Amino acid sequence: MKKKVTFAFIMAIFTTGIVTFAAISVNLGFSASFLQVWLKSWSISYIVAVPAILIIAPKVEAFVNYLYAGRK
């Protein structure tokens with residue numbers, strides 16, 4: 001369980017950082033408030049993403065295993 005929680009925390013850092021950076025830069029551009037808006041968005045996204053990863057990842061993994069069951 002520790003491994004899954006650690007994975008969720010680390011994965012959320014990268015995915016939320018990249019996605020919020022892309023979305024903010026496209027929608028706001030690199031204005032004077034970019035860094036402040038991005039960090040706020042990143043922190044909110046991170047708080048949402050960690051539990052989502054912990055809840056959704058096992059279901060996605062089970063679905064992928066189902067899709068590839070018996071295929072070799």
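This passage describes how two helices and the loop between them are arranged in a predicted model.

The description begins with the helices. Helix H1 covers residues 2-27, and helix H2 covers residues 34-68. Their axes come within 8 Å. They cross at roughly 145°. The crossing of H1 past H2 is right-handed. Nonpolar residues number 18 in the contact of H1 with H2. Six polar residues and one charged residue make up the rest of that contact.

The largest nonpolar core has five residues. Its members are Ala8, Ala12, Ala49, Val50 and Ile53. Both helices take part: H1 and H2 each supply at least two residues of this core. The most comes from H2, which gives three. Val50 illustrates the packing. Beyond residues up to four places away in sequence, Val50 touches Ala8, Phe9 and Ala12.

Thr16 belongs to helix H1. Its relative accessible area is 8%. Thr16 is therefore buried, since the cut-off for that class is under 20%. A polar atom of the Thr16 side chain lies 2.4 Å from the backbone oxygen of Ala12. Thr16 also has contacts with residues over four places away in sequence. These partners are Trp42, Ser45, Tyr46 and Ala49. Two residues named here recur in the account of the core. Ala12 and Ala49 are both members of the largest nonpolar core.

Ile24 is another residue of helix H1. It has a relative accessibility of 13% and so counts as buried. Its C-alpha atom is separated from that of Trp38 by 6.4 Å. Along the chain, Ile24 and Trp38 are 14 residues apart. Ile24 is in contact with Trp38 as well, when neighbours within four places in sequence are left aside. On that basis the other partners of Ile24 are Gly29, Phe34, Val37 and Ser41.

Ser25 follows in helix H1. The relative accessible area of Ser25 is 17%, so this residue is buried too. The side chain of Ser25 makes polar contacts to two backbone oxygens. A polar atom of this side chain lies 2.9 Å from the backbone oxygen of Phe21. The side chain also reaches the backbone oxygen of Ala22, at 3.0 Å. With neighbours within four places in sequence set aside, Ser25 is in contact with Phe30 and Phe34. Phe34 is also among the contacts of Ile24.

The loop between H1 and H2 contains Leu28. Its relative accessibility is 39%, so Leu28 counts as partly exposed. The limits for that class are 20% and 50%. Leu28 has contacts of its own. Apart from neighbours within four places in sequence, its partners are Ser33, Phe34 and Val37. Phe34 and Val37 are also in contact with Ile24. A further distance relates Leu28 to Phe9. The C-alpha atoms of Leu28 and Phe9 are separated by 27 Å. These two residues are 19 residues apart along the chain. Phe9, in turn, is one of the residues that Val50 touches.

Technical notes:
Residues are numbered from 1 along each chain as its sequence is written. This is a predicted model: local features need pLDDT of at least 70, side-chain atom pairs count only at pLDDT 80 or more; totals for chains, interfaces and linings use all residues. Side-chain values use heavy atoms; hydrogens and water are left out. Axes are lines fitted to C-alpha atoms, for helices over the stretch in contact, and angles run from 0 to 180 degrees between N-to-C directions. Helices (H or I, at least four residues) and strands (E, at least two) are DSSP runs, numbered from the N terminus. A crossing is left-handed if the near helix is turned anticlockwise from the far one by less than a right angle, and right-handed if clockwise. Ala, Val, Leu, Ile, Met, Phe, Trp, Tyr, Cys and Pro count as nonpolar, Asp, Glu, Lys and Arg as charged, and the others, Gly among them, as polar. A nonpolar core is a set of buried Ala, Val, Leu, Ile, Met, Phe, Trp, Tyr and Cys residues joined through side-chain atoms within 4.5 Å. Buried means under 20% relative accessible area, exposed over 50%, partly exposed in between (1.4 Å probe, protein chains only). Contact means heavy atoms within 4.5 Å. A polar contact is a pair of N or O atoms within 3.5 Å; within protein, one must be able to donate a hydrogen and the other to accept it, and residues adjacent in sequence count only if both atoms are side-chain atoms.
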